[in-house]
Amino acid sequence: MPVFCSSSLRDAGYTLQLAFTADEALRKIHEVGVDIVVFGEGIDSGERTRMEGALQSLRPRPRIIMLYDISIARAEQADAVLNIKGDPQDLVRTIRYLLTGTC
């Protein structure tokens, strides 16, 4: 996740758990629990597929946001897809909407 997004989310009052591998992310998801998972644009497609499969088995299933740069290929499992070049507040608004149904 781009640093500007992290700071925007913290400023909006959200608690973040950052992970750099699928194993690390899955461990944190099981230890802490999460409502939203944001896949950065640089995540390996195999790692993303493995994460998506693991998330499908959780109840309630965390919502998935995929950030992209050039292509939105293989974003079928995402609840929302955002371009990394957009306004960081778009991510804040999207998370708020996915959690509460309001912007």
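## The three-stranded sheet

In this predicted model, three strands form an open sheet in the order β1-β2-β3, and their pairing is parallel. β1 and β3 are the edge strands, each of them pairing on one side only, and from one strand to the next the twist averages 20 degrees. Strands of a sheet pair through backbone hydrogen bonds, which may be of the parallel or the antiparallel kind.

The parallel pairing of β1 with β2 rests on four bridges, and within this pair V38 stands opposite I65 in β2. On the other side of the sheet order, β2, which spans residues 63-68, pairs with β3 in the parallel sense, also over four bridges. Two positions help to locate the register of that second pair: L67 stands opposite L82 in β3, and Y68 stands opposite N83 in β3.

## The faces of the edge strands

In a regular strand the side chains alternate between the two faces of the sheet. How this alternation relates to burial can be followed in the two edge strands, taken one after the other. In β1, both faces are covered, with I36 and V38 buried on one side and V37 and F39 buried on the other.

In β3, which covers residues 80-83, A80 and L82 point to one face and are buried, while V81 and N83 point to the other face and are not buried. The register described above can be read together with this pattern, in that L82, the residue opposite L67, belongs to the buried face of β3, whereas N83, the residue opposite Y68, belongs to the face whose side chains are not buried.

## Helix α2 and its packing against α3

Helix α2 comprises residues 22-32, and its buried residues are A22, E24, A25, L26, K28 and I29. The elements that cover these buried residues include strand β1 (36-39) and helix α3 (45-56). After α2 comes G33, a residue whose phi is positive, near 80 degrees.

Two packed helices are described by the angle between their axes and the distance between the axes. For α2 and α3, the axes come within 10 Å and cross at roughly 20 degrees; since angles under 35 degrees count as roughly parallel, the two helices are therefore roughly parallel to each other. The crossing in which α2 passes α3 is right-handed. On the α2 side, the contact is made by A22, D23, A25, L26 and I29, which meet E47, R50, M51, A54 and L55 in α3. Sorted by character, the residues of this contact comprise seven nonpolar, no polar and three charged. Helix α3 is also placed against the sheet, for it lies across β1 and β2 and runs at about 170 degrees to β1.

## K28, a charged residue in α2

K28 lies in helix α2, and its relative accessible area is 18%; because buried means under 20%, K28 counts as buried. When its neighbours within four places in sequence are left aside, K28 is in contact with Q17, L18 and G33. One of these partners, G33, is the residue with positive phi that follows α2.

## Loops and the segment after α4

In the loop between α3 and β2 is P60, and the peptide bond leading to it from R59 is cis, with omega near -5 degrees. Further along, D79 lies in the loop between β2 and β3 and is partly exposed, at 29% relative accessibility. Not counting residues up to four places away in sequence, D79 touches R61, P62, R63, I64 and L98. The C-alpha atoms of D79 and V37 are 10.0 Å apart in space, although the two residues are 42 residues apart in sequence; V37 is one of the buried residues of β1.

T102 lies in the segment after α4 (88-100) and has a relative accessible area of 46%, which makes this residue partly exposed. Leaving aside its neighbours within four places in sequence, T102 is in contact with R96 and Y97. Between the C-alpha atoms of T102 and H30 the separation is 27 Å, and along the chain these two residues are 72 residues apart.

Methods: Residues are numbered from 1 along each chain as its sequence is written. This is a predicted model: local features need pLDDT of at least 70, side-chain atom pairs count only at pLDDT 80 or more; totals for chains, interfaces and linings use all residues. Side-chain values use heavy atoms; hydrogens and water are left out. Buried means under 20% relative accessible area, exposed over 50%, partly exposed in between (1.4 Å probe, protein chains only). Two strands pair if DSSP finds at least two bridges between them. Contact means heavy atoms within 4.5 Å. Axes are lines fitted to C-alpha atoms, for helices over the stretch in contact, and angles run from 0 to 180 degrees between N-to-C directions. Angles under 35 degrees count as roughly parallel, over 145 as roughly antiparallel, 65 to 115 as roughly perpendicular and the rest as oblique. A crossing is left-handed if the near helix is turned anticlockwise from the far one by less than a right angle, and right-handed if clockwise. Ala, Val, Leu, Ile, Met, Phe, Trp, Tyr, Cys and Pro count as nonpolar, Asp, Glu, Lys and Arg as charged, and the others, Gly among them, as polar.
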